[in-house]
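The following exercises are to be worked through with the sequence and the three-dimensional structure in view. Each task is followed by a solution in steps.

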Amino acid sequence: MIKNIFSKQYLKYCVVGTIGGIIELALFYLLNDIMHINYLVANVVTFIVTVTILYFLNKKFVYKAENMDNVGFIMFFVSRIVGLVIDSIVLTVCLKIFMFPIFISKFISSSSTTYINYCLVKFIFNN
């Protein structure tokens, strides 16, 4: 298990994920803080944009799955909904129970889904 966590592929996934994370946090900040959109709505919009970008980055650089079709994209997107649910729950708990600032809450919620998403995406791209 530990060997799988630190594989070359997982490290590539983390690099791509960091790029996605930067996009996600910047877009969330823009929508929530600048445009004053509700944090859950901003979270969903951010999710859709980020997942679309991450699909193409993962397909090209992490899994080298050039032959993926629309079904692969749909499976990728649906699998990430699990991450969105976890992300939204953690975000709400951080904001409403722990009273963390919004940006810290979003960082914690985004980080909490990394390995779960990796396992789901690896399954999709490898099958």
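A residue counts as buried under 20% relative accessible area, as exposed over 50%, and as partly exposed in between (1.4 Å probe, protein chains only). The model is predicted, so local features need pLDDT of at least 70 and side-chain atom pairs count only at pLDDT 80 or more, while totals for chains, interfaces and linings use all residues. Residues are numbered from 1 along each chain as its sequence is written, and side-chain values use heavy atoms, with hydrogens and water left out.

**Exercise 1. Salt bridges**

Task: Find the salt bridges of the structure, and determine for each residue of the network whether it is buried or exposed.

Solution.

Step 1. Side chains of opposite charge can pair when their charged atoms come close. The criterion for a salt bridge is a side-chain nitrogen of Lys or Arg within 4 Å of a carboxyl oxygen of Asp or Glu. A search of the whole structure with this criterion yields two salt bridges.

Step 2. One of them joins the side chains of Lys-106 and Glu-24, with an N to O distance of 2.8 Å. Lys-106 belongs to helix α5 (residues 102–111) and Glu-24 to helix α2, so this pair ties together parts that are 82 residues apart in sequence. Helices here are DSSP runs (H or I, at least four residues), numbered from the N terminus.

Step 3. Lys-106 also forms a salt bridge with Asp-87, at 3.0 Å from N to O. This pair links distant parts of the chain, since Asp-87 is in helix α4 (residues 70–96), 19 residues from Lys-106 in helix α5.

Step 4. Glu-24, Asp-87 and Lys-106 are thus linked in a network of salt bridges.

Step 5. Lys-106 counts as buried because its relative accessibility is 0%. Asp-87 counts as buried because its relative accessibility is 5%. Glu-24 is buried as well.

**Exercise 2. Helix packing**

Task: Describe how α2 packs with α3, and how α3 packs with α4.

Solution.

Step 1. Two packed helices are described by the angle between their axes and the distance between the axes. The axes are lines fitted to C-alpha atoms, for helices over the stretch in contact, and angles run from 0 to 180 degrees between N-to-C directions.

Step 2. Helix α2 (residues 8–34) and helix α3 (residues 39–62) have axes that come within 9 Å and cross at roughly 150°. The two are therefore roughly antiparallel to each other, a term for angles over 145 degrees.

Step 3. The crossing of α2 with α3 is right-handed, that is, the near helix is turned clockwise from the far one by less than a right angle. The residues of this contact comprise 16 nonpolar, eight polar and two charged. In this division, Ala, Val, Leu, Ile, Met, Phe, Trp, Tyr, Cys and Pro count as nonpolar, Asp, Glu, Lys and Arg as charged, and the others, Gly among them, as polar.

Step 4. For α3 and α4, the angle is about 140° and the axes are 10 Å apart. Their crossing is right-handed. Their contact has 15 nonpolar, six polar and three charged residues.

**Exercise 3. Residues in the loops**

Task: Which residues other than glycine have a positive phi, including one near 60° and one of about 60°, and where do they lie?

Solution.

Step 1. His-36 has a positive phi near 60°. His-36 is located in the loop between α2 and α3, and counts as exposed because its relative accessibility is 66%.

Step 2. Met-99 likewise has a positive phi, of about 60°, and is not a glycine. Met-99 is located in the loop between α4 and α5; with a relative accessible area of 62%, Met-99 is exposed.

Step 3. Asn-38 is also found in the loop between α2 and α3. With a relative accessible area of 43%, Asn-38 is partly exposed.

**Exercise 4. Cysteines**

Task: How many disulfides does the structure hold?

Solution.

Step 1. A disulfide is counted when a pair of cysteine sulfur atoms lies within 2.5 Å.

Step 2. The structure holds zero disulfides. For Cys-14, the nearest cysteine sulfur is that of Cys-119, 11 Å away.

Step 3. Cys-14 is partly exposed, at 25% relative accessible area. Cys-119 is partly exposed too, at 35%.

Methods
Angles under 35 degrees count as roughly parallel, over 145 as roughly antiparallel, 65 to 115 as roughly perpendicular and the rest as oblique.
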